[in-house]
Each structure stands twice: as C-alpha cells, then as structure tokens.
Amino acid sequence: MNDTPRIRTVLSSTLLAVTVTAAATACAGSDGHPLSAEAYDAADQLAVSAPADGAKADPEKPLEVTAKGDEGRITDVTATDESGRHLAGELTADGRRWRSTVALAAGARYTVRVATEDADGAPGARTFTFQTAPAERALTATFGPQAGTYGVGQPITADLSLPVKDLAARAAVERALKVRSTPFVEGSWYWVDDKKLHFRPKEYWPAGALVTVTGNLDGLKVGDKLYGGASKPLKLTIGDRIEAVADAGSHHMTVKRNGEVINTIPVTTGKPGFSTRNGVKVILGKEYYVRMRGTSIGIAEGSAESYDLPVYYATRVTWSGEYVHAAPWSVGSQGVANVSHGCVGMSTENAAWFYKTVRPGDVVRVVNSIGETMDAFGNGFGDWNLSWDKWREGSALVEAAGSPVAPTEKARLRPSI
C-alpha cells in the first residue's frame, strides 16, 4: 500500500472544549486483509497534550496528538466542539503528529476523533473529549434596538462589553456578528468607536423584511487572553417604507408610504441662527407630551429668544432635541416661513396624524435648509448621511483586507436566511 500518509487540515470557525473517553475494538477481517479489519483501540499508541485527569486545558496552548513508538502513524484527526464547529489543524507528512493551527476556545468542550494505522496497515481509532478553562475576560455584544417592528431606516447596533482597538481583533469580532435578512440585502458593520458598531444595508431595508442578529463570539479568541462570551440574539421585523421629506425651501413636508404620497403638510423649520439640520434622520421615538425650554439648547432664560412651552405629538429625530411636533402658535407661518428654533413644526391636527402614522426607524429627510448636515453618529441615527463607500471604510474587514470587499467576506456582508 502507499506509505505516504493522508494529510487532512480541519477547517474551523470558533472553538470550545478535555476528559479522555471512548475506544474501539479490533478483530481480524474475514478475508485477512488489514483494511477489512475493524478498527482496534489505538489509545496506547497516542499521546495527547490535553489533560486526561479532568483538569481543564489552557486555551492559549495548542492541542497536539502524537503517535508513540516507530511502528504506527496518525492518518486523520477531527476535533469539534459541542456546536459542531471544527478546530483547524495540520498533520505532519510522516503522520507522527497532528497540531491545531488556530486558538482553542475558552470554556469549551471538544470531542477529538483520531484514526491511525499500524506497521501492517491495520486501522486503529481513538476518541477522547476535553474541556478548556474559562476565559478571565469575556467580551459580549448587546444588540439594539429591542425586538419589534421598525421602519426601513433602522440601523442595528452592537454594544461591546469591553473595548476592542486592535484591527485583527476587530476583524475577528466583526466576522462573528452575523446579520441575516429575508429578503436578502447587502450590508456592513461600521465601528463607531472601540465599543460600538452599527450595521446598515447599502440601501434601506426592504418593507416587510425579517432580520436576525446573532453574536457567535462565545469562546472565540479575540485578542491576548481575551475571549468572547454568549450574546443574546435579536429579531426584528421591518414595516412599511415610510419616508417624510421636509423641504425648508418650500415649507412643506411630503410623506410617502411604499413610494406613494399619502400626505403633504405645511410646516415651518428652523429660522436663521437655529436652522434645522439637513440630511436623513431616523425616528428615535415618540412622546405625546414634552416640555420644551430654550435653556436646553443654550438660550438664556429671559432673553428675546427664550421659550418654555408644552408640546404635543412630539416625534424625536435627534437626541439633542430636534422633533417633528405640533406648533399651534406658528400656524400662520407654516407653509410660508421658517420661524422655529430647529424643529419641524405643524398644526396640532397634522402633528397628531404624523405621530400616529410613523414608528421608530422611519425616515425623516430635511432638504434645502441652510443648516449643517446631520452628523452620522452621536446625535441619533444619521448613518444614512454617509455614502456607501464611506460606510464600508468603517468595517474592520475592509481595512484589514485593504480592498473594498474581500470575496470570502462578501457573502457574510450580504446577509440572508
């Protein structure tokens, strides 16, 4: 028979967990050929680096399986965790040693199956299990928003329990954070800072889409003695495509549902010195009543611009206090002039209709204002104000690859169920 051993590299995604077990029995084949024999118990022919006394293996150290003596060799090794994920490894050309080539997972339980053959070519087998020690530090991800139904502009957020600064570590984290959508969309993560990521599609979510977010970090080695922990998955439903465009030049807001105009509303936006921010804003929430004070945006109490007003049907679009809301005091200017301190104001009747029509995640876009463009981050969800190319630059996978989209990552960045 061929004396060159078969070499197998076991591919892996993430890892997990040693207590030696199992065996196989041997008997001669009916035709006397060694390949027809049942596999014998190869336990005595193998040395394993993992502890066999119930102690937990150090995940920082590789797993090694070595053939004892000079008459036998290893022909195949597979190592999998309880989730069925494979531990990558390589077998030497002489079949004497198999060694893992990626880091083991922390707090994981592995099952390792080893195939051997003796000097006569008779097959042997051994199965053993072991566990790795838990991580001293565990990195977890908390996804947002809460489960529910949202508009087509809603980004997905991931808040990490620990900062991740190293590019390779960020790439490892990003690969583990999976976003799947039905129907299929193209999308990408963006690192807002060391502990926060946002995910958005290239274009708005399709109306009616089902979105699932999972963090496959559990046990994954992220960095030096830093491993991932379990993260709670998230499921979202995307509602109708609601888009409101507030034109500060014409002083009207046009509201569309799934591409069809359903209302045109006279509005007033920010006056000079308090101009409404241009750009796309995602609705953050709705408040039936808000007390608005000029002091909250830096206006001195008692000054000419000071105000303290009860406001109803307030739909929030920035954390700093920009709303679409009822402004009965400015009805005479609505559709004619911009007189607000930055919000989009309308009649109480129109504001009530808008409040009941929209949901968080729906889109409000302001055009033709002399104000600055909405920031992408920090004051709500201005994610859509970045071009797709700029958005992709915020991905650690793109930065690590040095090219727009590596082929091996493209499928992951274009999630589907």
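How many bridges join strand 10 to strand 12, and in which sense do the two strands run? Let's work through this and a few other exercises together.

The model is predicted, so local features need pLDDT of at least 70 and side-chain atom pairs count only at pLDDT 80 or more, while totals for chains, interfaces and linings use all residues. Residues are numbered from 1 along each chain as its sequence is written, and side-chain values use heavy atoms, with hydrogens and water left out.

**Exercise 1. Describe strand 12 and its partners.**

Step 1. Start with the vocabulary. Strands are DSSP runs of E with at least two residues, and helices are runs of H or I with at least four, numbered from the N terminus. Two strands pair if DSSP finds at least two bridges between them.

Step 2. Look at strand 10 (residues 141-144): four bridges join it to strand 12, and the two run antiparallel. Within this pairing, Phe-143 has Ala-158 of strand 12 as its bridge partner.

Step 3. Now turn to strand 15 (residues 196-201). Strand 12 is joined to strand 15 by four bridges, again in an antiparallel run. Here Ile-156 stands opposite Phe-199 of strand 15.

Step 4. Ask why strand 12 is described as largely enclosed. Four of the five residues of strand 12 (residues 156-160) are buried, so the rest of the structure largely encloses it. Buried means under 20% relative accessible area, exposed means over 50%, and partly exposed lies in between (1.4 Å probe, protein chains only).

**Exercise 2. Find the order and the edges of two open sheets.**

Step 1. The sheet of three strands has the order 9-18-17, with mixed pairing. Its edge strands are strand 9 (137-139) and strand 17 (221-223), each of which pairs on one side only. From one strand to the next, the twist averages 45°. For such angles, axes are lines fitted to C-alpha atoms (for helices over the stretch in contact), and angles run from 0 to 180 degrees between N-to-C directions.

Step 2. Check one pairing in this sheet. Strand 9 and strand 18 (residues 226-228) run parallel and are joined by three bridges. Leu-139 has Gly-228 as its bridge partner in strand 18.

Step 3. The sheet of five strands has the order 22-21-20-28-23, also with mixed pairing. Strand 22 (260-266) and strand 23 (279-282) each have a single partner strand, so one side of each is left without a neighbour in the sheet. Neighbouring strands here are turned by 20° against each other on average, direction ignored.

Step 4. Check a pairing here too. Strand 20 and strand 21 pair in the antiparallel sense over six bridges, and Ile-242 stands opposite Arg-257 in strand 21.

**Exercise 3. Look for backbone features that stand out in the loops.**

Step 1. Recall the background: most residues other than glycine have a negative phi, and most peptide bonds are trans.

Step 2. Find the cis bonds. One joins Gly-144 and Pro-145, with omega of about 5°; Pro-145 sits in the loop between strand 10 and strand 11 (148-150). Another joins Thr-182 and Pro-183, also with omega of about 5°, and Pro-183 is in the loop between strand 13 (177-182) and strand 14 (187-191).

Step 3. Find the positive phi values. Lys-225, although not a glycine, has a phi of about 55°, and its place is the loop between strand 17 and strand 18. His-251 is not a glycine either, and its phi is about 65°. The loop that holds His-251 runs between strand 20 (242-247) and strand 21 (252-257).

Step 4. Is His-251 buried or exposed? Its relative accessible area is 13%, so His-251 is buried.

**Exercise 4. Place Thr-129 and find its contact.**

Step 1. Thr-129 belongs to strand 8 (residues 123-131).

Step 2. With a relative accessible area of 8%, Thr-129 is buried.

Step 3. The side chain of Thr-129 makes a polar contact with the side chain of Arg-109 (3.4 Å). A polar contact is a pair of N or O atoms within 3.5 Å; within protein, one must be able to donate a hydrogen and the other to accept it, and residues adjacent in sequence count only if both atoms are side-chain atoms.
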